[in-house]
Amino acid sequence: MPLILFLGNPIYSDDRIGLIVGEKLKNRFEEEGFEVEILEKSGYNLVDYIAGQEIVFVVDSIVGEVGEVVLIENLEDLKILFPRSPHYSGLPESLELMKALNLAPKNFFVIGICVKDPFTISDKMSPELEEIVDFVAERVYNCIKLLHLQPRNKAKI
Amino acid sequence: MSKEIIIDPITRLEGHGKIAIILDDKGDCVRAFFQVPELRGFEKFAEGRHAEDMPQITSRICGVCPTAHHMASVKALDDLYKVDPPRSAKKIRELFYNLFMLEDHALHVYILGGPDFIVGPDAPKEERNVIGVIKKVGQEVGLKVIGMRKSIRQMMERIGGKTIHPVLGVPGGISKPLNEEIVKELRILGDQAVEFAQFTLKVFKDIVLSNKKYLDLITSEAYTHRTYYMGLVDSKNRVNFYDGMLRVVDPNGKEFAKFDVHNYLDYIAEHVEPWSYMTFPYLKKIGWKGLVDGEQSGIYSVAPLARLNSADGMATPLAQEAYEEMFDKLGKPAHQTLAMHWARVIEMLYAAERIRELANDPEILDQNVRNIPTAKPSVGIGVVEAPRGTLIHHYETDERGVVKRANLLVATQHNVGRISMSVDKAARSLIKGGVVNEGLLNMVEMAFRAYDPCNACGTHTLPGSLPVPIYIYNTSGELLKIIR
């Protein structure tokens with residue numbers, strides 16, 4: 001069963017977007033046969049979920065053009081991008097660890113939701129992101145569905 | 001022309017910090033500064049919120065030590081509402097907390113700090129990581145580490161509701177009692193944990209301590225500071241992660257102070273440097289004498305080595321044996337920063353033994369796990385030993401329990417003076433003649449990685465990749481180079 005991890009932190013401004021989108025899409029994906037976890041976790045803490053899975057999608061915030069949804073193509077990109085997200089530190093290394101232990105998923109995709117500010121401690125999102133949450137959720141849904149139909153094995157791990 | 005190098009941590013969570021290394025005309029390091037992010041923004045965020053929410057909110061500061069924040073916060077709430085939890089609740093909290101300590105220390109030993117020694121400080125960058133560790137110790141060991149951490153985390157989830165952001169603690173106790181099924185599994189896990197910790201100690205001895213080169217590095221003057229040390233101790237002055245008195249020993253190992261956390265402001269003051277946003281805690285009665293070590297300087301340290309230095313022993317037999325062996329070898333107090341890794345392994349053993357002890361204590365099955373608070377709140381202060389050192393939560397509220405002021409004194413803050421000195425000394429010792437290569441920078445990084453600093457993840461990164469960009473300046477302030 002393909003696994004989707006929605007990541008975020010509810011006290012870091014736009015970083016909560018992954019959690020919100022996850023709540024919006026959880027039932028829909030589960031009805032379609034996906035396993036869904038909405039997690040306030042990162043890096044090595046994700047190993048327990050990812051290890052041994054066949055197909056994994058990780059949805060998280062990333063600094064960029066607000067509302068854009070980007071597919072992070074490979075592990076090297078993930079390493080470069082982690083300063084732009086609170087959660088990627090340790091994720092590339094976790095994947096390398098799982099690979100070394102023959103526990104890495106065959107298909108691994110990171111889907112970044114571009115936001116303005118995932119770092120500031122705040123219980124509010126940026127207004128421009130708040131306005132388009134439903135739109136973003138649909139983009140994420142379509143992205144995952146497309147990838148699931150045609151797994152590209154892009155995580156070069 | 002002299003140069004300045006700055007290692008600038010990536011912007012993460014609540015801010016950024018950097019390391020600046022200044023070179024003279026000959027290219028020798030003349031000074032290095034370490035700056036780390038603060039958590040003050042978070043304290044402001046706490047104002048106006050209900051104190052009961054703080055254990056959940058504070059555990060979300062970062063993903064590194066949520067259980068420590070949760071527990072310090074819950075203890076502050078006990079104090080705020082003047083309610084003493086039942087013995088069973090205290091024991092379950094301590095058991096839960098030791099599960100966290102073991103899991104967190106294992107992460108550092110095998111993945112974060114371990115590669116520096118298990119693979120080697122001067123190993124190529126691409127090998128100085130967890131993959132290098134697995135190559136060295138074998139895939140089976142890697143699976144063992146992953147499996148043990150997973151078992152611990154699953155147990156934490158069963159006891160605390162969630163692994164990362166537990167909902168275990170409430171003012172006056174815990175949210176739910178344990179049942180026999182969980183306790184039965186805890187007893188099995190306790191045995192496995194002790195075996196795992198013993199195995200880790202053996203790995204450390206076989207790979208690190210039996211290697212003269214590594215031992216020389218650990219004991220080298222470049223990584224040594226004679227400072228004060230602080231940690232929680234029980235009634236027999238033994239290490240305790242969950243509760244006790246704060247004890248400070250001087251650089252000669254003599255008790256300097258022992259106090260209840262309620263009096264921490266009588267003992268600890270904070271100094272401000274113009275070049276950093278972070279304050280530098282120091283011992284009030286000694287005073288701030290700058291970034292220097294020795295008996296006359298108020299700089300002190302927390303974290304595993306400091307805990308062992310400030311205690312008279314360990315409360316469990318296997319950990320005590322390992323404790324004695326370390327101090328026989330290094331002397332006590334041990335001032336060698338890199339011995340932090342050794343102390344961490346000893347603490348793993350203590351945590352595992354304590355889990356086993358508490359899992360076999362019949363009192364943890366007592367169903368009375370909470371005393372309901374009735375007092376009006378005003379001030380609450382709580383303390384635990386986080387993996388990285390002493391963590392204090394201090395809340396002041398109105399009569400409704402709404403936070404008016406919060407002060408969180410985190411381990412990395414206590415350590416910042418010593419970390420600054422460590423980086424400075426390592427850089428001065430290692431960077432000569434303008435040679436600033438990756439291997440040397442890694443050895444500078446090792447000086448602060450040993451503390452396992454929790455700058456909300458920013459520097460909590462891995463060997464093999466610089467956790468911070470490096471800026472090179474000349475003495476005129478001209479930026480010459482950035483290394484990322």
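Me: What makes up 50% of the 157 residues in chain A?
Reply: Buried residues do. A residue gets called buried if 20 or more other C-beta atoms, placed from the backbone, lie within 10 Å of its own C-beta; with 12 or fewer it's exposed, and in between it's partly exposed. By the way, this is a predicted model, where local features need pLDDT of at least 70 and side-chain atom pairs count only at pLDDT 80 or more, while totals for chains, interfaces and linings use all residues. Residues are numbered from 1 along each chain as its sequence is written, and chains are lettered from A and ligands numbered from 1 in the order in which they are written.

Me: How many helices and strands does chain A have, and what makes a stretch count as one?
Reply: There are six helices and five strands in chain A. Both are DSSP runs, numbered from the N terminus: H or I over at least four residues for a helix, E over at least two for a strand. Along the sequence you meet them as β-α-β-α-β-β-α-α-β-α-α.

Me: How do you know that β1 and β2 of chain A pair?
Reply: Two strands pair if DSSP finds at least two bridges between them. Strand β1 (residues 3–7) and β2 of chain A share five bridges, in the parallel sense, so they pass. One of the partnerships joins A:Leu3 to A:Glu35 in β2(A).

Me: Which strands of the five-strand sheet in chain A are called edge strands?
Reply: The sheet is open, in the order β2-β1-β3-β5-β4, with mixed pairing. Its edges are β2 (35–39) and β4 (69–72), as each pairs on one side only.

Me: Which strands stand at the edges in the three-strand sheet of chain B, and why?
Reply: That open, antiparallel sheet has the order β12-β13-β14. β12 (379–386) and β14 (403–409) of chain B each have a single partner strand, so one side of each has no neighbour in the sheet. Between β13 (residues 389–397) and β14 of chain B there are six bridges, and B:His393 has B:Leu408 as its bridge partner in β14(B).

Me: How do you know whether helix α7 of chain B spans what it should?
Reply: The expected span is 1.5 Å times one less than the number of residues. For the 22 residues of α7 (139–160) that gives 32 Å, and the end C-alpha atoms are 31 Å apart, so the two agree. Right after α7(B) comes B:Gly161, with a positive phi near 85°.

Me: What covers the buried residues of α7(B)?
Reply: Those buried residues include B:Val145, B:Ile152 and B:Met156. Among their cover are α2 (47–50) and α4 (91–100) of chain A, along with α4 (87–112), α6 (130–137) and α8 (180–209) of chain B.

Note on methods:
Two residues are in contact if their C-beta atoms, placed from the backbone, lie within 7 Å.
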